[in-house]
Amino acid sequence: MRIGIVGAGAAGLAAAYDLGKAGHEVVVYESAPFVGGQASTIEVGGARLERGYHHLFLSDLAMIELMEELGVDGSLQWIPSTVATYTNGKMYPFVTPLDLLRFKPLSFLDRIRLGILSLRLQRMKDWRPLQHLTAAEWIKANASPGIFTNMWDPLLRAKFGRHHDVVGMPWLWSKFQTRVTSRKGMFGREVLGYPANSFDEVFEALQDRIKNQGGQVHLESPVREILRNEIGATGLRVEPEKGDPFEQDFDTILATNASFDFVKLIDLPDDYRSKLEDVHYMAAVVLIVEMKHPLTSTYWMNIADESIPFLGLIEHTNLMTKEMYGGNNVLYLTNYLDRDEPMFSMSKEELLAHYLPHLKKFNPDFDESWITKVHYNALSAAQPIITPNYAERMPSHRTPVKNLYLGNTTQIYPEDRGTNYSVRMGRELARMIMDDADKSS
Ligand SMILES: Cc1cc2nc3c(=O)[nH]c(=O)nc-3n(C[C@H](O)[C@H](O)[C@H](O)COP(=O)(O)OP(=O)(O)OC[C@H]3O[C@@H](n4cnc5c(N)ncnc54)[C@H](O)[C@@H]3O)c2cc1C
């Protein structure tokens, strides 16, 4: 079989690897000049670093197994994480569950209640009874008003902006599940995984395997149209950055791009198209700040304070040593937002100027002169908003067009999107494509 794949992110590359391994001819087209999609990297102080902060949880078995299979698991390190929440002008550590008892923004009774509620959610293994509710509805029904108002409502607003009250409860459930499985023991510390050579090592290894198996990966080659006849999909029209547009015939097409991009490539029946268009994606803007000194001693800082214009402060060199990055401290300042929000259109310089006055809140000694370099990254399909009862509306991988498959982050459910789930999905899609071909032959 000859298979054309749109996108060289985790899903597209994992699928191409398995299809090639099984003897099929794969050609991957990627619009960017690099592989890895949302988990792609830049150079920082002589090392590779993700454009958006990335780590793994102990439950990310699909990614861990793939790394073992590719022989790049040797660099995977598991490191105790440091997490905190900034609220009411203070940073509160959440390193062990006991830190909850010191979380002053909640009354003492609410801290105990929140502990019990968290345990309840962690032990809940079936998400189905929760799927008709929004996260906000579930918290309001199960927690005290103090917990909702002082803890969860600010966090939901920070992460999802104007969509804070429509996010489905399975999202919150899955967050608790991944975090609890990444703790060593019920009351132990969370450990997070990071490949010391960055996620790039995984994508490069995948790319090498694909090529060694006879496949091709073409960068700067956006697909502009999925070609079809009355029976099904037949090929791709590609408009490379360098060179002339061309059309290629394929037996099967797998698209891994965002739904809003996919619908532009081919006419689809209304019911399937509307499922794709119904899922709203939030965009993300990320500043990577290289600094002479650390800002905090925390890796992951949630911001539950509307006066601060970013939602997360992730200090990568509080997880990995700064020596890896030429001695630079590396800090991500991140925001999820809608593409029509003014901050999405701000330049790197404007964003930095907007954020700078707030950094002293995390370290009064901070001075602009600490900053040695700033990188900017904007992603338009960073976080799909998955609303209640999504299982019934989730677009299927088999599209209504024969021989055309779709695998993107809107089809990961009930878990939240992540590299692990895109790898799992890519590999499942490879299996599905081969099974379908076997059945029809
Ligand atoms: C800020 C941020 C932080 C994250 N943190 C983590 C984390 O800590 N851990 C974790 O596991 N995951 C994390 N994720 C999620 C993770 O990066 C993604 O879920 C995963 O990388 C998605 O992979 P994918 O292959 O499904 O999609 P993508 O990575 O989006 O890949 C799709 C590819 O298709 C290409 N493409 C699009 N249109 C076309 C076209 N027309 N022609 C050709 N190519 C096209 C795109 O350029 C892209 O490379 C994070 C995401 C973000 C945004």
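Start by colouring the protein chain by domain. Domain 1 is made of three segments, 2-53, 198-279 and 389-440, while domain 2 covers 96-189 and domain 3 covers 280-384. Keep in mind as you click around that this is a predicted model.

**Stop one: domain 1 against domain 3**

Hide domain 2 for now and put the C-alpha centres of domain 1 and domain 3 on screen: they sit 30 Å apart. Next, select the residues in contact, and you should pick up 22 from domain 1 and 25 from domain 3. Together the two domains bury about 1,900 Å², with 59% of that on carbon and sulfur atoms.

Stay on the domain 1 side and show L49, Y53 and F260 as sticks. These residues lose the most area to domain 3, and together they make up 36% of what the domain 1 side buries.

What about polar pairing across this boundary? There are 11 residue pairs in polar contact between domain 1 and domain 3, but the salt bridge count between them is 0.

Now switch to cartoon. Which elements of domain 1 each supply at least two residues to the side that touches domain 3? Look at strand 3 (41-44), strand 4 (47-50) and helix 8 (259-262). Strand 4 gives the largest share, with 4 residues. Colour this side of domain 1 by residue class and you'll get 8 nonpolar, 7 polar and 7 charged residues.

**Stop two: the ligand**

Centre the view on the ligand and select the residues around it, 27 in total. E30, H54, D261, T419 and S422 are the ones that come nearest.

Zoom in on D261, which also belongs to helix 8 by its position in 259-262. One of the polar side-chain atoms of D261 is 2.8 Å from a nitrogen atom of the ligand.

Then turn on backbone atoms for A10 and A11. A polar backbone atom of A10 lies 3.1 Å from a ligand oxygen atom, and for A11 the distance from a polar backbone atom to an oxygen atom of the ligand is 2.9 Å.

**Stop three: a salt bridge**

Bring the whole model back and display the salt bridges, which number 22. Pick out E69 and R427: their closest N and O atoms are 3.0 Å apart. Why is this pair worth a click? E69 is in helix 2 (residues 61-70) and R427 is in helix 12 (residues 419-440), so the salt bridge ties together parts that lie 358 residues apart in sequence.

Note on methods:
Residues are numbered from 1 along each chain as its sequence is written. This is a predicted model: local features need pLDDT of at least 70, side-chain atom pairs count only at pLDDT 80 or more; totals for chains, interfaces and linings use all residues. Side-chain values use heavy atoms; hydrogens and water are left out. Domain bounds come from an automatic or database domain assignment. Contact means heavy atoms within 4.5 Å. Buried area is the accessible area (1.4 Å probe) that two parts lose on being put together, summed over both. A salt bridge is a side-chain nitrogen of Lys or Arg within 4 Å of a carboxyl oxygen of Asp or Glu. A polar contact is a pair of N or O atoms within 3.5 Å; within protein, one must be able to donate a hydrogen and the other to accept it, and residues adjacent in sequence count only if both atoms are side-chain atoms. Ala, Val, Leu, Ile, Met, Phe, Trp, Tyr, Cys and Pro count as nonpolar, Asp, Glu, Lys and Arg as charged, and the others, Gly among them, as polar. A residue is near a molecule or strand if one of its heavy atoms lies within 4 Å of it.
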